[in-house]
Amino acid sequence: LLKRVGQYKKPVLLKRAMSATISEWLLAGEYLLHHGTSGVVLCERGIKSLFNDTRNTFDLSIIPLLKGETHLPIVADPSHGTGVRRIVPEMTLAAVASGADAIMLEVHPEPDHAWSDGFQQLDFREFADLMERVRAVADAVGRPLGRG
(Lines give C-alpha, C1' and ligand atoms only; values in the text may rest on other atoms or scores of the structure.)
Protein backbone atom coordinates (compact mmCIF):
# COMPACT_ATOMS: atom_id res chain seq x y z
CA LEU A 1 0.00 0.00 0.00
CA LEU A 2 2.76 2.46 0.92
CA LYS A 3 4.57 1.76 -2.36
CA ARG A 4 1.38 2.38 -4.35
CA VAL A 5 0.54 5.58 -2.47
CA GLY A 6 4.10 6.83 -2.96
CA GLN A 7 3.78 6.40 -6.71
CA TYR A 8 1.06 9.09 -6.83
CA LYS A 9 3.73 11.66 -5.97
CA LYS A 10 1.31 13.61 -3.75
CA PRO A 11 1.86 14.81 -0.18
CA VAL A 12 0.70 12.37 2.50
CA LEU A 13 -0.61 12.93 6.03
CA LEU A 14 0.66 9.79 7.75
CA LYS A 15 -1.30 9.12 10.91
CA ARG A 16 0.34 6.95 13.51
CA ALA A 17 -1.24 3.51 13.61
CA MET A 18 -2.91 2.64 16.91
CA SER A 19 -0.10 0.31 17.97
CA ALA A 20 2.80 1.47 15.80
CA THR A 21 6.21 1.94 17.32
CA ILE A 22 8.11 5.12 16.55
CA SER A 23 10.50 3.28 14.24
CA GLU A 24 7.64 1.62 12.34
CA TRP A 25 5.96 5.00 11.84
CA LEU A 26 9.16 6.71 10.71
CA LEU A 27 10.05 3.84 8.38
CA ALA A 28 6.59 4.05 6.79
CA GLY A 29 7.22 7.75 6.14
CA GLU A 30 10.65 7.08 4.66
CA TYR A 31 9.19 4.31 2.50
CA LEU A 32 6.62 6.75 1.10
CA LEU A 33 9.35 9.28 0.32
CA HIS A 34 11.53 6.60 -1.28
CA HIS A 35 8.69 5.66 -3.62
CA GLY A 36 8.01 9.18 -4.83
CA THR A 37 5.72 10.92 -2.34
CA SER A 38 6.37 14.65 -2.58
CA GLY A 39 6.15 15.15 1.17
CA VAL A 40 5.13 13.41 4.37
CA VAL A 41 3.59 14.97 7.46
CA LEU A 42 3.43 12.82 10.58
CA CYS A 43 0.19 12.99 12.57
CA GLU A 44 0.03 11.96 16.23
CA ARG A 45 -3.55 11.04 17.08
CA GLY A 46 -3.07 8.67 19.96
CA ILE A 47 -2.45 5.01 20.58
CA LYS A 48 -4.61 2.33 22.15
CA SER A 49 -4.09 1.60 25.81
CA LEU A 50 -5.62 -0.44 28.61
CA PHE A 51 -7.92 2.41 29.61
CA ASN A 52 -11.18 3.55 28.01
CA ASP A 53 -11.64 6.95 29.67
CA THR A 54 -10.44 8.58 26.47
CA ARG A 55 -10.70 7.39 22.89
CA ASN A 56 -6.92 6.95 22.68
CA THR A 57 -3.86 7.80 24.75
CA PHE A 58 -2.66 11.04 23.20
CA ASP A 59 1.12 10.57 23.27
CA LEU A 60 2.54 14.06 23.71
CA SER A 61 5.97 12.69 24.57
CA ILE A 62 6.34 11.56 20.99
CA ILE A 63 6.41 15.14 19.65
CA PRO A 64 9.72 16.32 21.12
CA LEU A 65 11.16 12.84 20.62
CA LEU A 66 10.34 12.92 16.89
CA LYS A 67 11.83 16.41 16.60
CA GLY A 68 15.20 14.84 17.35
CA GLU A 69 14.68 11.87 15.03
CA THR A 70 13.27 13.28 11.80
CA HIS A 71 13.04 16.30 9.54
CA LEU A 72 9.36 15.58 8.86
CA PRO A 73 6.76 18.01 10.21
CA ILE A 74 4.53 16.80 13.03
CA VAL A 75 0.81 17.50 13.36
CA ALA A 76 -0.99 16.85 16.63
CA ASP A 77 -4.64 15.75 16.53
CA PRO A 78 -6.03 16.17 20.06
CA SER A 79 -9.62 15.68 18.86
CA HIS A 80 -9.01 12.07 17.80
CA GLY A 81 -6.20 11.66 20.29
CA THR A 82 -8.57 12.07 23.23
CA GLY A 83 -12.13 11.85 21.92
CA VAL A 84 -13.24 14.05 24.81
CA ARG A 85 -14.32 17.61 23.97
CA ARG A 86 -13.64 19.06 27.43
CA ILE A 87 -9.95 18.05 27.40
CA VAL A 88 -9.20 18.90 23.76
CA PRO A 89 -8.21 22.51 24.60
CA GLU A 90 -5.67 21.51 27.26
CA MET A 91 -4.16 18.81 25.07
CA THR A 92 -3.94 21.32 22.22
CA LEU A 93 -1.99 23.74 24.40
CA ALA A 94 0.28 20.94 25.57
CA ALA A 95 0.92 19.88 21.97
CA VAL A 96 1.92 23.44 21.05
CA ALA A 97 4.24 23.62 24.05
CA SER A 98 5.69 20.20 23.10
CA GLY A 99 6.72 21.46 19.67
CA ALA A 100 3.99 20.36 17.25
CA ASP A 101 4.34 22.06 13.88
CA ALA A 102 0.56 22.15 13.40
CA ILE A 103 -2.64 21.24 15.19
CA MET A 104 -5.60 19.47 13.62
CA LEU A 105 -8.93 20.00 15.41
CA GLU A 106 -12.52 19.06 14.75
CA VAL A 107 -14.82 22.09 14.87
CA HIS A 108 -18.57 22.21 14.25
CA PRO A 109 -21.19 24.95 14.75
CA GLU A 110 -23.27 22.53 16.86
CA PRO A 111 -21.14 19.55 17.93
CA ASP A 112 -24.02 17.83 19.69
CA HIS A 113 -25.82 17.68 16.33
CA ALA A 114 -22.82 16.57 14.23
CA TRP A 115 -23.33 13.43 12.14
CA SER A 116 -20.20 11.87 13.63
CA ASP A 117 -17.67 12.47 16.39
CA GLY A 118 -19.57 15.37 17.95
CA PHE A 119 -18.29 14.28 21.36
CA GLN A 120 -14.78 15.42 20.42
CA GLN A 121 -15.58 18.58 18.46
CA LEU A 122 -15.32 22.18 19.62
CA ASP A 123 -17.93 24.74 18.68
CA PHE A 124 -16.89 27.98 16.95
CA ARG A 125 -16.72 30.00 20.19
CA GLU A 126 -14.61 27.35 21.93
CA PHE A 127 -12.30 27.24 18.91
CA ALA A 128 -11.87 31.03 18.83
CA ASP A 129 -11.13 31.11 22.56
CA LEU A 130 -8.65 28.26 22.19
CA MET A 131 -6.79 30.00 19.36
CA GLU A 132 -6.15 33.00 21.63
CA ARG A 133 -4.72 30.65 24.25
CA VAL A 134 -2.66 28.82 21.62
CA ARG A 135 -1.06 32.09 20.56
CA ALA A 136 -0.18 32.91 24.19
CA VAL A 137 1.38 29.47 24.79
CA ALA A 138 3.31 29.62 21.53
CA ASP A 139 4.68 33.04 22.50
CA ALA A 140 5.53 31.81 26.01
CA VAL A 141 7.62 28.91 24.70
CA GLY A 142 9.32 30.99 22.02
CA ARG A 143 7.34 29.66 19.07
CA PRO A 144 5.24 32.63 17.95
CA LEU A 145 2.55 31.91 15.38
CA GLY A 146 2.34 33.73 12.08
CA ARG A 147 -0.10 36.61 12.01
CA GLY A 148 -2.69 36.70 9.26
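**Exercise 1.** How many bridges join strand β2 to strand β3?

*Solution.* Keep in mind that you're looking at a predicted model. Start by finding β2 at residues 39-44 and β3 at residues 74-76. These two strands run parallel, and three bridges join them. For one pair to look up, take Glu44: its bridge partner in β3 is Ala76.

**Exercise 2.** Work out the strand order of the sheet, then say which strands stand at the edges.

*Solution.* Step one: the sheet is open and has four strands, in the order β1-β2-β3-β4. Step two: check the direction, and you'll find that the pairing is parallel. Step three: go to the edges, where β1 (11-15) and β4 (102-103) stand. Each has a single partner strand, so one side of each is left without a neighbour in the sheet.

**Exercise 3.** Place the helices around the strands, beginning with α2.

*Solution.* Helix α2 covers residues 22-34 and lies across β1 and β2. Its angle to β2 is about 160°. Now zoom out: the protein has six helices and four strands. Walk along the sequence and you get the pattern α-β-α-β-α-β-α-α-β-α.

**Exercise 4.** Does the radius of gyration agree or disagree with that of a compact globule?

*Solution.* First, take the chain length, 148 residues. A compact globule of that length would have a radius of gyration near 15 Å. The protein has 16 Å, which agrees. To picture the extent, imagine a box of roughly 40 × 35 × 30 Å filled by the C-alpha atoms. As for burial, 40% of the residues count as buried, meaning under 20% relative accessible area.

Key:
Residues numbered from 1 in each chain as written. Predicted model: local features only at pLDDT ≥ 70, side-chain atom pairs only at ≥ 80, totals over all residues. Heavy atoms only, no water. Pairing = 2+ DSSP bridges. Contact = heavy atoms within 4.5 Å. Axes fitted to C-alpha atoms, helices over the stretch in contact; angles between N-to-C directions. Rg over C-alpha atoms; globule rule 2.2 N^0.38 Å. Buried < 20%, exposed > 50% of the residue type's maximum accessible area, 1.4 Å probe, protein only.
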